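Reader: I've got a structure I'd like to talk through with you. Could we go over the metal site and one of the ligands?

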Amino acid sequence: MLDRTDTSLTSLLRRRRPGYSLEAPFYTSPEIFAADMDAIFERHWLFVAVEPDVPEPGDVMTVDIGRNAVLIVRDDDMQVRAFHNVCRHRGARLVHEEKGTVGNLVCRYHTWTYNLEGSLIHAEHMGEGFDASCHGLKPVHIRSLEGLIFICLADEPPADFDEMAAVMGPYIAPHNIKNAKIAHQHDLIEPGNWKLTMENNRECYHCGANHPELTVPLFAYGFGFAPEDLDETERAQAERYGCLVTDSHDDWERAGIPSRMREHLDDMVTGYRTERLPLDGEGESHTMDTKAACRIPLGAFPSAKMGGLHFWTQPNSWHHFMGDHAVTFSAIPLDAERTLVRTTWLVHKDAVEGVDYDLQNLIDVWMTTNVQDSELVGFCQDGARTAGYEPGPYSPYTEMLVDKFCNWYVQRMRARFDPAPVAAVAA
Amino acid sequence: MDAASPAPTSTGFYEWNPEEDDVLICRAVREETHDVKSFIFAPRSQRRFAFTPGQFLTFEFEIEGEAIHRCYTISSAPSRPDTVSITVKRVPGGPVSNWLHDHFRPGQMLKAAGPMGDFSWTHHPSRTGKYLLISGGSGITPMMSMTRTAYDLAEIRDTIFLHAARSPDDIVFDDEIAVMSRRNRSIRAAHIVEGDSPLQAWPGFRGRISRAAIEAVAPDFREREIFVCGPSPFMAAVRAILKEAGFDMSRHHEESFNFEELAPQEQAAVEEAAAALESEVRSWKIEFAKTKRVVECPETMTILEAARRAGMRLPSSCSKGMCGTCKSKKVSGTVEMHHQGGIRQREVDAGMMLICCSKPRSDVVVER
Ligand SMILES: Cc1cc2nc3c(=O)[nH]c(=O)nc-3n(C[C@H](O)[C@H](O)[C@H](O)COP(=O)(O)OP(=O)(O)OC[C@H]3O[C@@H](n4cnc5c(N)ncnc54)[C@H](O)[C@@H]3O)c2cc1C
Ligand code: FES
Ligand code: FES
Ligand SMILES: [Fe+2]
């Protein structure tokens, strides 16, 4: 039982025990949720979309982040822009559909009209002295990392995005996301705090027991194991897997495909990790038969067996890029106990459903896995609400990345709310 | 025609001038009797009509590809200057009157010239202030315009309105004349009909126009300025009666609806006006499929403007092809569109258009 009574956010942050899950209020309290939205979601780079979400000029989509409404639009020069989805007249929401196509951006209320660069170009009845140039849409920072769209709501976004992008660009570029199309997109509301969603994503300790489909293409060892727990056969398999990773990395990198692990999950404001991991079986894709789901490869690869390039970002995304398709995941908090997880499956834009790929086969593994994860997240949310909940220890072999996620989170929260200097948590 | 041009009723607004824009838009069609309809017209831009009551307009009709000209007296009063109306009686086998009845709808446009003619009490004031207006059939229209004007302007003229009709059902403007005479006692009205109608026995004068009828209605007719309009035989009969009664024929004025009977100068004026109307700008038909309205649109005008001038209210804001508010589905036809980013090529390819910046190049059907 907790014997502490001070539950102010700063003291909760200061007494966080490294290597342990967070105290219950981090998962249940509406106040801490509001603080998360302020410190994390209004101040960091968030992964919210892919360029194929708005493939052509005039294509627009909306994303709501907590109290903020953002629109993302592609302009006539093919540039992707983001604005606050709020009319500068009387503040009406501007774009209502999740996705659509516009000529200019027109407010339904009094038809104030903005071009795709956000300038106000038409406002009736405003009189002589009205200066339209003072009433353009408010821009939101936006960056495309090889087709992955990140936005940042802060006035001054974290500058180390460029550092991350410089490393990650060459990893993602071969997968040609800009030239992909969305084969399927699925929104799932997980019944848990966004941190539980992220924590669940950062380990595969639970995979063996819960993801019979996912563990067909994925080696469970890829995400760590405790050697003393393995029996003879398992140890042999783990060793074989270790050699496979080293050999694959050598092969892929020799062919010009960056593959080695790079990790800055808790030592950068824009925390991330990447690694290309071999796949089991045929080694081609996250499918039930481990073969490519799509006949047309995403990019120009030396072989179909490109494994899966994993890319994790703090605070809200993870991705798997394969030779034939890619899957991106964006987690967006809805309230203290609910999180929207949007999964997007991408194939080459020339691929035709039913001809070059079977949609069911393409999405099967992750559709199934997502539902399983959602349920597990719900279990933890239920637990966090009870008097019996107490932070438990992470496995040092399989849950290091969960711990790093929490380290990053606590640091970022303390940077915002704790006036005392924050000691960097060592990676 | 008298050289001294009449002073039109002033409205203090820009006047409709057929030399600037000769197109009138039909705003409404009203059924008056089983074979008489009134057509109410407005100018395309904000203008007001100035004319003297009793004058007529010359219209151009395009019927089956042919341009036909006809004259119609303005039946409305200049005291309501935003619109003009004409009231048309069917003529058996007549190409124009029947086309108007059967095909002409609100939203459609006509070219018109005028006003012209000097058949008006404005030009022939009565020394005694007393008038007798005698009409037969569709000849009621100039009388109606004069009487409506007197009523609107609350003039105290001693006006006797004598109208001859075939049956009680054929009396045009029956109710309105009754209302005007009830509320302005200087207007008195009497009708003379040839016989009962199926549902109505006529309690008033019967038969054809006669000296007895005129004397009964206006015993002091000799003191009056008399205006007559109607079919030729009818006008001839009135003329004969008045001459025989020793009436001073300088105070008798008549208007014939028979073009060939107009004075030569008047015929020349009509023909000149008709020549000026000969269309040079093509017009196309714009059909609004949902509201079931048809609007005539010159190829130089945007579809939105033509619809607006025909009294339709369609969503629009910038009128410049920016905001997309007027975006509409084009079911058929060709347009020339000059937009400013309010629509995507993909949308155009999918059959959409911005009607605020699209001009017709053929007949067009719009899903609105
Ligand atoms: C000054 C004037 C005012 C009129 N006012 C009214 C009115 O208020 N209400 C009403 O119902 N009718 C009025 N008319 C009659 C009207 O113009 C038409 O004659 C009538 O509608 C029948 O036309 P139609 O084409 O249907 O028949 P038709 O019998 O085919 O046409 C009428 C005859 O007029 C001849 N004509 C030639 N040029 C003209 C011309 N420019 N205008 C008129 N007729 C011409 C035609 O050759 C034809 O013989 C008026 C006519 C004139 C001249
Ligand atoms: S609120 Fe957007 S135009 Fe008025
Ligand atoms: S009214 Fe703005 S585009 Fe037509
Ligand atoms: Fe999982």
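Author: Sure. One term before we start: a polar contact is a pair of N or O atoms within 3.5 Å. And keep in mind that this is a predicted model.

Reader: Good. Which residue has a polar backbone atom 2.9 Å from a nitrogen atom of ligand 1?

Author: Let's run through the backbone partners. An oxygen atom of ligand 1 lies 2.7 Å from a polar backbone atom of C71(B), and a nitrogen atom of ligand 1 is 3.1 Å from one of T73(B). At 2.9 Å from a nitrogen atom of ligand 1, the residue you want is T87(B).

Reader: How much of the accessible area of ligand 1 does the protein cover?

Author: On its own, ligand 1 has 880 Å² of accessible area. It sits in the largest pocket, and 23 residues surround it, with R70(B), Y72(B) and S97(B) among the closest. The share covered by the protein is 81%.

Reader: Over to the metal. Which residues are the protein donors of the iron ion (ligand 4)?

Author: Their spacing along the chain is H-x4-H-x161-D. The donor atoms lie 2.0 to 2.5 Å from the iron ion, with NE2 used by each histidine and OD listed twice for the aspartate. The residues are H206(A), H211(A) and D373(A).

Reader: Why is the arrangement around that iron ion irregular?

Author: Four donors count as tetrahedral if all angles lie between 85 and 135 degrees. Here the arrangement is irregular because the 4 donor atoms subtend angles of 56 to 148 degrees.

Reader: Is H211(A) buried or exposed?

Author: Buried means under 20% relative accessible area. H206(A), at 12%, counts as buried. H211(A) has 1% relative accessibility, so it counts as buried.

Conventions. Residues are numbered from 1 along each chain as its sequence is written. Chains are lettered from A and ligands numbered from 1 in the order in which they are written. This is a predicted model: local features need pLDDT of at least 70, side-chain atom pairs count only at pLDDT 80 or more; totals for chains, interfaces and linings use all residues. Side-chain values use heavy atoms; hydrogens and water are left out. Donors are N, O and S atoms within 2.8 Å of the metal (3.2 Å for Na, K and Ca); water is not among the atoms, so sites may look incomplete. Four donors count as tetrahedral if all angles lie between 85 and 135 degrees; four count as square planar and six as octahedral if opposite donors are over 155 degrees apart and all others between 65 and 115; anything else is irregular. Buried means under 20% relative accessible area, exposed over 50%, partly exposed in between (1.4 Å probe, protein chains only). A residue is near a molecule or strand if one of its heavy atoms lies within 4 Å of it. A polar contact is a pair of N or O atoms within 3.5 Å; within protein, one must be able to donate a hydrogen and the other to accept it, and residues adjacent in sequence count only if both atoms are side-chain atoms. Accessible areas come from the Shrake-Rupley method with a 1.4 Å probe; for residues, only the protein chains shown count as cover. On a 1 Å grid over the protein atoms alone, a cavity is a set of points where a 1.4 Å probe fits but cannot get out, and a pocket is an open set with protein on both sides within 12 Å along at least five of seven lines; lining residues have an atom within 4 Å of a point. A molecule sits in a cavity or pocket if more than half of its atoms lie within 2 Å of its grid points.
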